[in-house]
Amino acid sequence: MVEAVSTTTPPPTQAQDLPVVVIGAGPVGLAAAAHLLERGLIPRILEAGPGAGASIRAWGHTRLFSPWQYNIDAAAKRLLETSGWTAPEAQTLPTGTELVEQYLEPLATTTALAEHMCTDTRVIAVTRAGMDKTRTTGRAETPFLVRTRHTDGTMEDFRASAVIDASGTWTGPNPLGQSGLPAPGEAEAIAAGRITPALPDVTGRDRQRFAGRQVLVVGAGHSAANTLLELGSLAEDEPDTRISWAVRTADVSSVYGGEDRDELAARGALGTRLRRLVDSGIIEVHTSFTITSFTATVHGLSVHASTPTGEQTLAVDLMVPATGFRPDLGILSELRLELDPAVDAPRQLGPLIDPEFHSCGSVAPHGERMLAHPEPDFYIAGMKSYGRAPTFLMATGYEQVRSIAASLAGDQAAADAVQLDLPETGVCSTDLGGSCDLPAAGPADHADNSDKGCCAPSDKPEPADACCAAPQPITLGTTPGTARVSACC
């Protein structure tokens with residue numbers, strides 16, 4: 001075992017001479033670095049995985065709903081073009097792997113960014129150098145200290161003038177039990193391999209694990225739909241494969257979305273195909289199904305649940321979770337954060353994205369001011385900025401970091417000029433976990449209702465343009481190039 005040794009990079013004499021640490025080398029993290037470079041600031045990108053887009057690799061077999069034209073940040077594109085990169089066909093729908101190989105990896109290996117990349121470097125804490133969160137005097141002028149652990153076990157501290165946390169939520173799946181807690185036996189079932197990671201490659205590398213098995217999918221978002229469709233395809237070749245689908249809601253119609261009314265055609269087709277599998281009986285649906293415990297055995301998994309008709313137990317071979325994700329805030333415990341108490345997003349942003357209240361796709365353009373915390377020059381951006389809310393737009397993350405970079409460079413006018421434009425669709429998009437429009441946290445309890453998303457029934461009156469009302473055109477701002485997209489951030 002390698003003994004952990006802590007080292008610290010020598011600090012410059014002035015905090016402003018330090019780099020801006022960007023946590024995460026996903027789409028939004030790399031876009032942040034590109035915008036910082038354009039502003040004359042130096043980024044230091046800390047990535048826990050072995051390379052850019054490491055989390056996306058986990059669901060790389062999944063195809064995005066949005067074409068390339070909506071998946072590439074403007075500053076990143078300008079940087080790539082200086083190296084002779086050619087953009088993919090604008091209207092093509094990439095897979096997660098293609099997003100990494102044709103965009104993120106070329107971006108991370110450009111001459112301008114490569115020297116600022118630190119891979120296999122997991123951030124374990126962010127604080128101020130020489131002071132904890134209780135110290136106030138001189139805080140804003142004190143450099144940040146970012147503690148990391150390398151894959152060999154050694155630890156290293158980095159100092160920074162500012163920090164942008166774009167680490168996403170992929171590593172924080174919501175528990176499967178009620179009240180936001182793991183169900184009894186959940187950890188043991190995961191350890192026994194009876195509960196798989198989210199978005200397994202059912203028809204690819206994981207095929208033998210699922211073929212001919214009784215499989216239960218839990219969740220009511222697009223990640224659940226993607227997995228169910230793959231299982232349906234597998235069942236065509238492997239007729240002994242049996243598929244069950246459990247949700248906490250009273251019906252699954254909201255998962256079908258807008259079907260042919262959805263302007264993102266691939267997303268609409270997903271709902272149509274899923275409905276056909278359910279109507280044909282290939283997928284057995286269990287509604288109002290609240291998991292209370294698990295019992296893992298050498299032969300399979302017993303899933304115990306509370307239903308309106310009483311306690312129920314499903315005996316399955318494997319269970320696939322698709323109930324969304326939540327942010328890891330533990331690494332930020334020594335910073336002064338101001339978070340929305342419901343969704344764990346920055347306080348000003350929280351009410352605009354809370355799925356119990358907001359109209360899907362109607363989140364206003366927002367940037368540095370709305371993302372700011374009492375901790376000066378610290379920001380959470382990308383998917384993590386949405387906390388437990390389910391409807392993040394990847395291009396929203398691009399606009400977030402453009403605004404943050406402008407503010408850090410002293411151009412507040414540009415930072416405040418935030419704009420966003422969406423394709424015309426009023427159809428709800430929840431828990432695109434398969435494409436990292438994650439997670440699926442629902443109203444009220446935000447964990448008990450994690451299968452509901454913003455189209456769940458509510459006793460509150462719905463506005464005319466809400467996601468459960470008739471589809472309405474939605475257009476925000478005037479800048480093209482953003483969309484309801486599906487890529488991990």
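The following exchange asks how the labels used for this predicted model are earned.

Visitor: What kind of model is this, and how are its residues numbered?
Guide: The model is predicted, so local features need pLDDT of at least 70 and side-chain atom pairs count only at pLDDT 80 or more, while totals for chains, interfaces and linings use all residues. Residues are numbered from 1 along each chain as its sequence is written, and side-chain values use heavy atoms, with hydrogens and water left out.

Visitor: Why is Gly 204 called partly exposed?
Guide: Buried means under 20% relative accessible area, exposed means over 50%, and partly exposed lies in between (1.4 Å probe, protein chains only). Gly 204 has a relative accessible area of 37%, so it is partly exposed. Gly 204 is found in the loop between α6 (186-191) and α7 (207-210); helices here are DSSP runs of H or I with at least four residues, strands are runs of E with at least two, and both are numbered from the N terminus.

Visitor: What makes α8 mostly covered?
Guide: Of the 16 residues in α8, 13 are buried.

Visitor: How do you know what span to expect for α8 (residues 222-237)?
Guide: The expected span is 1.5 Å times one less than the number of residues. For the 16 residues of α8 this gives 22 Å, and the helix reaches 23 Å from its first C-alpha to its last, close to that value.

Visitor: Where is the bend in α4 (residues 96-108)?
Guide: A bend is the angle between axes fitted to the seven residues ending at a residue and the seven starting there. In α4 that angle is about 25° at Gln 102, and Pro 106 follows within four residues. The buried residues of α4 include Leu 99, Tyr 103 and Leu 107.

Visitor: What makes a set of residues a nonpolar core?
Guide: The members are buried Ala, Val, Leu, Ile, Met, Phe, Trp, Tyr and Cys residues joined through side-chain atoms within 4.5 Å. The largest such core has 55 residues, and among those touching the most other members are Leu 30, Tyr 103 and Tyr 386. The largest share of this core, 7 residues, comes from α1. A second, separate core of 28 residues includes Phe 210 and Ile 283.

Visitor: How do you know that β9 (residues 214-218) and β10 (residues 242-246) pair?
Guide: Pairing needs at least two DSSP bridges between the strands. β9 and β10 are joined by 5 bridges and run parallel, so they pair.

Visitor: Why do β11 (283-286) and β15 (318-321) count as edges?
Guide: The open sheet has 4 strands in the order β11-β10-β9-β15. β11 and β15 each have a single partner strand, so one side of each is left without a neighbour in the sheet.
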